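This report describes one protein chain, going from its overall make-up to its strands, turns and selected residues. The sequence and the model are shown first.

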Amino acid sequence: MSDDSIDGRESILLGVGVGGQIRSTFLACPWCNDTWTHIDVVDVLSASGSSFEITASGEDETSRTTARALPNARSGGRRHSVVLHIDCEMCPGGEISFLQHKGQTQVELSPVPDHE
Ligand SMILES: [Zn+2]
């Protein structure tokens, strides 16, 4: 296994520094580069199996969040990982995973299985 993959999934390493400044921009879909993206579901995965899925929905006064245990989730690695589910209006989207890996945070991009 190379340092650029975990469990055989493709990964990338980002090295973008902003000099401590707060910046705001739009998230572009990693697969089609469109900015009509939504993140409503986040998974927090542990190595021991105590993993949760958090979902946000609705708008304004009707917005709500829910959390549910993921008893059969994949391992978060040796430590833990956070997975953002990217819903894209222009393509099937996928997942961006942040894995705590050997003292660094590794970023993986995983398109949904039926993604071309
Ligand atoms: Zn897309």
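Two strands are said to pair if DSSP finds at least two bridges between them. By that rule strand 3 and strand 4 pair, in the antiparallel sense, over four bridges.

## Model and confidence

The model is predicted. Its average pLDDT over the chain is 83, and 80% of the residues reach at least 70.

Two stretches have pLDDT under 50 throughout. One covers residues 1–6, where the model has nine contacts beyond four places in sequence. The other covers residues 10–14, with 14 contacts beyond four places in sequence.

## Overall make-up

The chain contains eight strands and zero helices. Read from the N terminus, the order of elements is therefore β-β-β-β-β-β-β-β.

The chain has 116 residues, of which 13% count as buried. For contacts between residues at least 6 apart in sequence, 49% link residues at least 24 apart.

## Strand 3 and its partners

Strand 3 spans residues 37–46 and is joined to strand 6 by nine bridges, the two running antiparallel. Within this pairing, T37 lies opposite C88 of strand 6. Strand 3 also pairs with strand 4, through four antiparallel bridges, and there V42 stands opposite I54. Strand 3 thus has bridges to strand 6 and to strand 4.

Five residues separate strand 3 from strand 4 in their hairpin, and G49 in the turn has a positive phi of about 100°. A47 also belongs to the loop between these strands. What is the exposure class of A47? A47 is partly exposed, because 14 other C-beta atoms lie within 10 Å, a count between the limit of 12 or fewer for exposed and that of 20 or more for buried.

Beyond its neighbours within four places in sequence, A47 is in contact with S75, G76, G77, R78, R79 and H80. Of these, H80 lies in strand 6, which covers residues 80–88. The C-alpha atoms of A47 and S81 are 8.6 Å apart, with their positions 34 residues apart in sequence.

## Strand 6 and H85

Strand 6 runs from residue 80 to residue 88 and includes H85. H85 has 17 other C-beta atoms within 10 Å and is therefore partly exposed. With neighbours within four places in sequence left aside, the contacts of H85 are I39, V41 and E95.

I39 and V41 fall in strand 3, residues 37–46, while E95 falls in strand 7, residues 94–101. H85 is also 8.3 Å from H38, C-alpha to C-alpha, although the two are 47 residues apart along the chain.

## Strands 6, 7 and 8

Strand 6 and strand 7 run antiparallel and are joined by six bridges. In this pairing, G94 of strand 7 is the bridge partner of I86. The hairpin of these strands has five residues between them, and G93 takes a positive phi near 75°.

Strand 7 is in turn joined to strand 8, residues 104–111, by eight bridges, again in an antiparallel arrangement. Two of the facing residues can be named: S97 has E108 of strand 8 as its bridge partner, and H101 stands opposite Q104. The hairpin of strand 7 and strand 8 has two residues between the strands, and K102 takes a positive phi there.

## Positive phi outside glycine

Most residues other than glycine have a negative phi. Which backbone angle sets K102 apart from that pattern? K102 is not a glycine, yet its phi is positive, at about 50°. K102 sits in the loop between strand 7 and strand 8. K102 counts as exposed because it has 10 C-beta neighbours inside 10 Å, and the limit for that class is 12 or fewer.

D60 is another residue other than glycine with a positive phi, near 45°. D60 is in the loop between strand 4 (52–57) and strand 5 (64–69). Is D60 buried or exposed? With 5 other C-beta atoms within 10 Å, D60 is exposed.

Terms used. Residues are numbered from 1 along each chain as its sequence is written. This is a predicted model: local features need pLDDT of at least 70, side-chain atom pairs count only at pLDDT 80 or more; totals for chains, interfaces and linings use all residues. Two residues are in contact if their C-beta atoms, placed from the backbone, lie within 7 Å. pLDDT is the predictor's confidence in each residue, from 0 to 100.
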